[in-house]
Amino acid sequence: MSGTQRVRAPRPVRLGPKSVAVLLLTGAIGVVAFGWPLLVDGGSGLAHAKDAPWLFAALLPLLVAVVVATISESGMDAKAVAMLGVLAAVGAALRPLGAGTAGLEPMFFLMVLSGRVLGPGFGFVLGSVTMFASALLTGGVGPWMPFQMLSMGWFTMGAGLLPGPDRLRGRPELAMLAVYGWVAAFAYGVVMNLQGWPLLTGVGSGISFGEDDPLGENLVRFVAYYLTTSLGWDLGRAVLTVVLTLTLGPTLLRALRRATRRAAFDARAAFGEPGSEPGREPESEPGREPGRQPER
């Protein structure tokens, strides 16, 4: 094998047509769940329904559960579940380390690299499960948790969809992951602000959601709201993600790829006769030619 040829590392989960269809359906419903304040007409009943976010908060856990079950059914074996548990536990433990300080959340860097190595299917499950475990660990269980699970699933899945998973290595790959982490860190903040913005009361009329206002005015208000309340927080998250990706990324990428190769997720068990070596035909009995059945 030449020095430029690379061995393709197996992915723990292969997305089939059914899994892709469920992911697309959940993504479409998720877009509506996050963006309904900007998507509905000002005179519609949904715009005046304060229970709309609560309806989506009840619906999203079911959708995420369906996606996880569908992807798991498509081939997540015991080794993949074990790796999922380890990475989710590490991510859940990393999140509280800096979540209360300027948005410094090191778990985002782990999600980017894990999604890159393990693929979009595993990435979506990992992001959702990690956020769920983190909420239980920190006591952050509330109506926002399903939205966080879906957003983190998208965040990690996106890293698995980046180009060149089996060819791109070294500095170009790290640069691509750093750029993705920077952009996705702000995108995560934007969609999570969309979730909570319509529910906030007591804020200035220039940045609060207006039920009867047209799309253009609400969009301007949301941008002002985001810049005022969340830009600094998301900036800290993006900077930390880039710094950790560029410094610790090479080591963690090698470790994840080595673990994935050793796990051999795509390997299929081969069974032979007791005492026989793999790939070797059993020895013939004395007095009988190989491949000939004994006389009856």
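**Entry 1. Terms and overall fold**

I count a residue as buried when its relative accessible area is under 20%. The model I am reading is a predicted one. By that cut-off, both arginine 237 and aspartate 234 are buried, and I return to this pair below.

I looked first at the overall make-up of the chain. I found 10 helices and zero strands. Reading along the sequence, I noted the pattern α-α-α-α-α-α-α-α-α-α. The chain has 296 residues, and 45% of them count as buried.

**Entry 2. Salt bridges**

I next asked how many salt bridges the count comes to. The count is three. I recall that side chains of opposite charge can pair when their charged atoms come close.

I took the pair of arginine 116 and glutamate 173 to begin with. In this salt bridge the closest N and O atoms are 2.8 Å apart. Arginine 116 belongs to helix α5 (residues 107–118) and glutamate 173 to helix α8, so the pair ties together parts that lie 57 residues apart in sequence. I then checked whether these two residues are buried or exposed. Arginine 116 has 1% relative accessibility and therefore counts as buried, because the cut-off is 20%. Glutamate 173 is likewise buried, with a relative accessible area of 2%.

I then turned to arginine 257, whose side chain meets that of glutamate 173 in a salt bridge of 2.5 Å, N to O. This pair links distant parts of the chain, with arginine 257 in helix α10 and glutamate 173 in helix α8, 84 residues apart. I recorded both arginine 257 and glutamate 173 as buried.

The remaining entry on my list was arginine 237 with aspartate 234. Their salt bridge has its closest N and O atoms 2.7 Å apart. I also asked which residues are joined into one network by salt bridges that share partners. They are Arg116, Glu173 and Arg257.

**Entry 3. Aspartate 234 and its partner**

I went back to aspartate 234, which is found in helix α10. Aspartate 234 counts as buried because its relative accessibility is 2%. Its side chain is joined to that of arginine 237 by a polar contact of 2.7 Å. Why are arginine 237 and aspartate 234 separated by about one helical turn? I noted that they are three residues apart in helix α10, which means a separation of about one turn.

**Entry 4. Asparagine 193**

I looked up asparagine 193 and placed it in helix α8 (residues 170–196). At 10% relative accessibility, asparagine 193 falls under the 20% cut-off and so counts as buried. I then asked which side chain makes a polar contact with the side chain of asparagine 193. The partner is serine 230, at 2.8 Å.

**Entry 5. Two surface patches**

I moved to the surface and noted a nonpolar patch formed by Val179, Trp182, Val183, Leu235, Val239 and Val243, with about 500 Å² of accessible area together. The elements that give two or more residues to this patch are α8 and α10. I checked one of its members, valine 179, which lies in helix α8. With 52% relative accessibility, valine 179 counts as exposed, because the cut-off for that term is over 50%.

I also recorded a patch of positive charge on the surface, where Arg254, Arg258, Arg261 and Arg262 gather. Arginine 254 sits in helix α10, which spans residues 231–263. I found its relative accessibility to be 48%, so arginine 254 counts as partly exposed.

**Entry 6. Alanine 135 and proline 146**

I last examined two residues of helices α6 and α7. Alanine 135 is found in helix α6 (residues 120–138). Its relative accessibility is 1%, and alanine 135 therefore counts as buried. I noted that the C-alpha atoms of alanine 135 and methionine 149 are separated by 9.5 Å, the two residues being 14 apart along the chain.

Proline 146 has its place in helix α7 (residues 145–160). I recorded proline 146 as buried, with a relative accessible area of 6%. The C-alpha atoms of proline 146 and methionine 131 are 9.0 Å apart, and these residues are 15 apart along the chain.

Conventions: Residues numbered from 1 in each chain as written. Predicted model: local features only at pLDDT ≥ 70, side-chain atom pairs only at ≥ 80, totals over all residues. Heavy atoms only, no water. Patch = residues over 30% accessible without salt bridge, like charges linked within 9 Å, V, L, I, M, F, W, Y side chains within 5 Å. Areas by Shrake-Rupley, 256 points an atom, 1.4 Å probe, with all protein chains shown as cover. Salt bridge = Lys/Arg side-chain N within 4 Å of Asp/Glu carboxyl O. Lys, Arg positive; Asp, Glu negative; His and termini not counted. Charge placed at Lys NZ, Arg CZ, Asp CG, Glu CD. Helix = DSSP H or I, 4+ residues; strand = E, 2+ residues; numbered from the N terminus. Buried < 20%, exposed > 50% of the residue type's maximum accessible area, 1.4 Å probe, protein only. Polar contact = N/O pair within 3.5 Å; in protein donor to acceptor, adjacent residues only side chain to side chain.
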